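Me: I have a protein structure open and I am new to this. Could you show me how to read its features one at a time?

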Amino acid sequence: MVTRHPRTGDIIAFITEQESNDEKVRKMLMTTILAHQFDMVAYLVGEEYGVVIGDSAGIRQGNIFPVSQKGIYKQYLENQVLPVLDGDRQYRDAVMKALSMEQIALQTRTQALYEVDIAIVIDGETYYKRFDFYSFEPETEFYIVLMSDTTELNREQALRNEQLREALEEAEQANLAKTAFLSRMSHEIRTPMNAIIGIDTI
């Protein structure tokens, strides 16, 4: 757009790059949305990882964000994930195997998404995390990793399970009470009925 300055009469040109601006807005929105949804968005290639989106200061709970933006994936698992894993040795070994590059490569050959849920303990508090692995370029073993916090979902599910368990116990108690009542009533009715049948027989 070209116009003249109202006082000086100089010609002023305004040039905008709409596509570039749209692309920047899309990237910013995508980054904001992903950062809000996930603790971390990263990539794995070879034995290395690189963090694309994420900030350790922005993680609300159960922080296992990598100490460096780039590094060796196996070292990240051994130094930051393994020490805080919840459960016994068997569970910890199973989680480490599930998160290994070999297992990621194996699982993403047959499915678009490979999910691994883990439980961690930090400062005596249990948190739940989910790793989502996507195979971006199978031939080069390039993977996208999304790490999210599922603590609230797990706590809500545990609460629902507890409520269901309590409801089942109450139903069982009610059923026992009903059975006892019917048994007692059956006896109460049977006694006079026997007398009536006996008199009728006589």
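Reply: Let's go from the whole chain to single residues. One thing to keep in mind is that this is a predicted model.

Me: Let's begin with the overall layout. How many helices and strands does the chain have?

Reply: The chain has five helices and eight strands. Reading from the N terminus, the order of elements is β-β-α-β-β-β-α-α-α-β-β-β-α.

Me: And what share of the chain is buried?

Reply: Of the 202 residues in the chain, 25% are buried. You can also look at contacts along the sequence: among those with a separation of 6 or more, 43% join residues 24 or more positions apart.

Me: How should I think about a nonpolar core?

Reply: Start with the general idea: in soluble globular proteins, nonpolar side chains tend to be buried together. Here, the largest nonpolar core has 30 residues, and the members that touch the most others are Tyr73, Leu99, Ile118, Phe131 and Phe133. Several elements each supply at least two residues of this core, including α2, α3 (89-98), β6 (113-122) and β7.

Me: Which residues is Phe133 in contact with, leaving aside its neighbours within four places in sequence?

Reply: Phe133 is in contact with Leu44, Tyr73, Leu99, Ile104, Thr108, Ala112, Leu113, Tyr114, Val116, Ile144 and Val145. Try selecting Phe133 on screen and finding Leu44 and Ile144 beside it, both of which are on that contact list.

Me: Next, cavities. How many of 30 Å³ or more does the structure hold?

Reply: The structure holds one cavity of that kind. The volume of the largest cavity is about 50 Å³. Its lining is made by Met40, Ala42, Leu44, Tyr49, Pro66, Tyr73, Tyr76, Phe131 and Val145.

Me: Which element gives the most to that lining?

Reply: That is β3, with three residues. The elements that give two or more are β3 (40-45) and α2 (73-81). Sorting the lining by class gives nine nonpolar residues, no polar ones and no charged ones. Notice that Tyr73 and Phe131 line the cavity and also belong to the largest nonpolar core.

Me: Lysine is a charged residue. Is Lys129 buried or exposed?

Reply: For this you compare relative accessibility with a cut-off, and buried means under 20%. Lys129 has 0% relative accessibility, so Lys129 counts as buried. Lys129 lies in strand β7, which covers residues 125-137.

Me: What does the side chain of Lys129 reach?

Reply: One partner is the backbone oxygen of Gly62, at 3.1 Å. Another is the side chain of Asp149, with which the Lys129 side chain makes a polar contact at 2.9 Å.

Me: Where is Ser148, and is it buried or exposed?

Reply: Ser148 lies in strand β8. Because its relative accessibility is 10%, Ser148 counts as buried. Beyond its neighbours within four places in sequence, Ser148 is in contact with Gln37, Phe38, Asp39, Tyr128, Lys129 and Arg130. So you meet Lys129 again, this time as a contact of Ser148.

Me: Now the loops. Which loop holds Gly54?

Reply: Gly54 sits in the loop between β4 and β5 (70-72). With 30% relative accessibility, Gly54 counts as partly exposed. Comparing sequence distance with spatial distance is a useful habit here: Gly54 and Met40 are 14 residues apart along the chain, and their C-alpha atoms are separated by 4.6 Å. Leaving aside neighbours within four places in sequence, Gly54 is in contact with Asp39 and Phe65.

Me: What about Ser68?

Reply: Ser68 is also placed in the loop between β4 and β5. Its relative accessibility is 30%, which means that Ser68 counts as partly exposed. Not counting residues up to four places away in sequence, Ser68 touches Tyr49 and Val51. You have already met Tyr49, as one of the residues that line the largest cavity.

Me: Finally, which backbone detail should I look at in Asp123?

Reply: Look at its phi angle: Asp123 has a positive phi of about 55 degrees although it is not a glycine. Asp123 is in the loop between β6 and β7, and at 81% relative accessibility it counts as exposed.

How values were computed. Residues are numbered from 1 along each chain as its sequence is written. This is a predicted model: local features need pLDDT of at least 70, side-chain atom pairs count only at pLDDT 80 or more; totals for chains, interfaces and linings use all residues. Side-chain values use heavy atoms; hydrogens and water are left out. On a 1 Å grid over the protein atoms alone, a cavity is a set of points where a 1.4 Å probe fits but cannot get out, and a pocket is an open set with protein on both sides within 12 Å along at least five of seven lines; lining residues have an atom within 4 Å of a point. Grid points are joined across faces, edges and corners, and a volume is the space filled by probe spheres set on the points. Helices (H or I, at least four residues) and strands (E, at least two) are DSSP runs, numbered from the N terminus. Ala, Val, Leu, Ile, Met, Phe, Trp, Tyr, Cys and Pro count as nonpolar, Asp, Glu, Lys and Arg as charged, and the others, Gly among them, as polar. Buried means under 20% relative accessible area, exposed over 50%, partly exposed in between (1.4 Å probe, protein chains only). A polar contact is a pair of N or O atoms within 3.5 Å; within protein, one must be able to donate a hydrogen and the other to accept it, and residues adjacent in sequence count only if both atoms are side-chain atoms. A nonpolar core is a set of buried Ala, Val, Leu, Ile, Met, Phe, Trp, Tyr and Cys residues joined through side-chain atoms within 4.5 Å. Contact means heavy atoms within 4.5 Å.
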